[in-house]
Amino acid sequence: MSAPIPNIEDLKNAKPNKAAGARIPLVDGIEKVTGKAQYTADLDDHGAFTGLIFRSPYAHAKIVNLDISAAQALPGVMAVITGEDCGAPFGILPIAENEYPLVKEKVRYKGDAVAAVAAVDAETAQRAINLIKLEVNELPAYYTPDEARAPGTVDLHERRKGNQERSVNHEFGDVEAGFSEADLVKENTYHCAEVTHAHMEPHAALAEYDAERELMTLKSVTQVPYYVHLMLTQCLGMDSSRIRVIKPFVGGGFGARTETLNFEIIACLLAKATGGKVRMQLTREETFLTHRGRPETDIKIKMGLKKDGKITGVQAEVTQKGGAYGGYGIITILYSGALLNAIYDIPNVKYDGYRIYTNTPACGAMRGHGTVNIRFAFESLLDNIAEELGLDPIEVRRANLLTSEFETVNGLRGLSYGLPECLDWAEEASDWKEKRGKMPKNKGIGIGCSHFVSGAGKPVHWTGEPHATINLKLDFDGGITILTGASDIGQGSSTIITQAVAEILGVDYGRLRIIANDSAITPKDNGSYSSRVTVMVGNAAIDAAKNLKGILVEAAAKKLDCAEQDIECLGEVYRVAGSQDPGIPFQEVVNEALVGTGTITAKGTYFVPEAFQGTGKQRGAAVGSSPGFSYAATIAQVDVDEDTGLVTVEKIWVAHDCGFAINPLSVEGQVQGAVWMGLAQAFSEETRYQDGLHMAPNFLDYRFPTMVESPDIEVKIVEPIDPNGPFGAKEASEGALSSIVAAVASAVKDATGIEMTETPITPDRLMDAMIKREREEKRNASKKGAA
């Protein structure tokens, strides 16, 4: 091709694009704000049948008879399928695969998927659903862990006796010895309600089966296309090469879509049964029932401190209501214990965790996976003990800081630690010393700290392959196509990958395009979960860009007749360093590189260093390990209406250690999102069931704050460089969340003198606590008067 004649002055003045650290909008932002973005429900469904699911009205029952004959006979019905049409279960790990796309033999919660219909239109599909007859023998239903574990209960799953999905019992150091060294030991219990993700986009899938070629294509809302691919292979009984999984734009995930969900498999089963295309759009209620939210959790925690504030030991017992199926539960219960560590220097830790099956929708992973509830309890008890010892809560945290390079008692390692700087900024910015314990009546200020992994040290499905792979394609047009399997679910991962490539190559953004999440085109990626993409896929993108740059430098050296080490890469221009020659434009370098080879593909990969995959010997030691940990310190200021119990959050100060901020604008947005989600759990969010029936499966009854309730949020980015991260970066989305609930609870206590040990802190709960205190004060005064 003939390249445009270069402008000599442009060549002379060329500078590389400094992309890393730039505050640029998200690369897919225009599509989203203009409505051009195609979400799964927006995709072309011409010729598609409508898929609907028949759901159980029973919480726990043995199926006696399932009659689908009338539905099958209805004109316009193309297929009716049941559990007999799928012989394989699915799940996140082989040891937890106890869920079938459609139930077999018995149902385990109200809303469980029993049968499915594909019909020519939605009206016909619904009529068919109404014709299905289910006859059962009802079994005892259990809605709490205590009920499910009581003697004589019926097991939800035969292989999980006593309805216990998993127990974890770990001790590191000697906790009793630690308590004996303490000057004060306290214990308390905390209860956190179950919450769900409340992502804007309801679940949807579009499946198409090519019967002639025996090919299946699924387009879905998933965060983990690769894991969906694996489960489709397993449940459909198809060779994986005949399956294609595509992720369109996704309207939020927050962990709800980090595992394969039954409707994705059901859509494919219907497509295969009809030999065509099936569109499945779940209602908001069905999306709530599919769930996978944060489990209801009971925590009993005990802690010992010396007079100087040093923690000598921590003991925690955690019981999680897991719902009807395994899902991520076996990992969630491990995370809650593992991440007691890696935020403070704690020499002795004992953890007992129990994940219990109940006849409610299955819980799973949710933003801050496994850490939010236990961090609320830990930080609250730490404040409690600090107050009794007469110590400032921030100083107590300073007394227990880790070093910048650390290894915890349970084998977690880190190479950067920005919590000290986070605390310093939050303390100064909020005027903490002038406010704590000194504010007007019913106003208060509180602190919470938290951390999170930057991707799991070992993936859920360990195959020996790289943790991440990126391909860069360069052809005659001079455009660079970034091919990635990493799922952008709104967190901005495609932008971060683009900036990483642009930084290494120095080219203009206009030369780059990114194609993501099509298993027929893009390399495999494990998905968007545990905040893994920035570090793992970012490092792979840098590796790929360096490899492509090496090819281009070689071509430029050949073109300019010099040694490769003498080439100066200025992004859009390559020249001989120190020479008066203005150099040659990027397109000429590309033309030379293509000689004799044609289209260029440069691959980049990333492996988590073995030392950061967990050094502990305990079972489940890899859970919690990570190439880097983010840290956050949050201070909340609140006002409490003593007449109504309503808490108004006036301001949030949050400092987040994300390592190097590749895109500060994106980081700030992610931290603000973490604040909103934390406030929602702290004050309003709660899934409620009445005899197993979901009582708030919509956005009217399930309450979360809107922009109207949002306080002023001041975000500080703290940037200690982490050697394992791309340009020194770590995660930026989840680390701050766990500190929010603790900070507002601390502020409420400062305002009212009442420690709230249950979330959400609703007006009625706070009013009950204030009334109870008032009555106790009156009784005590009466007794004192009588004496």
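Two strands count as paired here when DSSP finds at least two bridges between them. Keep that in mind as you click through this predicted model.

**Stop one: the S19 hairpin**

Select residues 468-474, which make up strand S19. Six of the seven residues there are buried, so S19 is largely enclosed by the rest of the structure. Now add residues 480-484, strand S20. S19 and S20 run antiparallel, with five bridges between them. To see one of these pairings, pick Leu474 and look across to Ile480, its bridge partner in S20.

Zoom in on the turn of this hairpin, where five residues lie between the strands. Click on Gly478: this glycine takes a positive phi near 80°.

S19 has another neighbour to bring up: strand S25, residues 600-606. This pairing is antiparallel too, over seven bridges. Label Ala468 and you'll find Tyr606 of S25 standing opposite.

**Stop two: S18 and S26**

Next, select residues 443-453 for strand S18. This one is mostly covered, with 10 of its 11 residues buried. Show residues 629-640 as well, and you have strand S26, which pairs with S18 in the antiparallel sense over 11 bridges. For a landmark, try Ser450, whose bridge partner in S26 is Ala632.

**Stop three: the mixed sheet**

Time for a wider view. Colour six strands in the order S7-S15-S14-S13-S8-S31 and you are looking at an open sheet with mixed pairing. At its edges sit S7 and S31 (758-759), each pairing on one side only.

Inside that sheet, pick out S14 (residues 311-323) and S15 (residues 349-357). These two are parallel, joined over nine bridges. Gln315 is a handy place to start, with Lys350 as its bridge partner in S15.

**Stop four: a charged patch**

Finally, switch on the surface and select Glu171, Asp174, Glu176 and Glu181. Together they gather in a patch of negative charge. Which loop holds Asp174? Asp174 is in the one between strand S7 (164-172) and helix H6 (175-181), so following edge strand S7 is an easy way to get here from the previous stop.

And why does Asp174 count as partly exposed? The class runs from 20% to 50% relative accessible area, and Asp174 comes in at 41% relative accessibility, so it falls in that class.

Conventions:
Residues are numbered from 1 along each chain as its sequence is written. This is a predicted model: local features need pLDDT of at least 70, side-chain atom pairs count only at pLDDT 80 or more; totals for chains, interfaces and linings use all residues. Side-chain values use heavy atoms; hydrogens and water are left out. Patches are made of residues with over 30% relative accessible area and no salt bridge: like charges are joined within 9 Å, nonpolar side chains (Val, Leu, Ile, Met, Phe, Trp, Tyr) within 5 Å. Accessible areas come from the Shrake-Rupley method with a 1.4 Å probe; for residues, only the protein chains shown count as cover. A salt bridge is a side-chain nitrogen of Lys or Arg within 4 Å of a carboxyl oxygen of Asp or Glu. Lys and Arg count as positive and Asp and Glu as negative; His and the chain ends are not counted. The place of a charge is taken as NZ of Lys, CZ of Arg, CG of Asp or CD of Glu. Helices (H or I, at least four residues) and strands (E, at least two) are DSSP runs, numbered from the N terminus. Buried means under 20% relative accessible area, exposed over 50%, partly exposed in between (1.4 Å probe, protein chains only).
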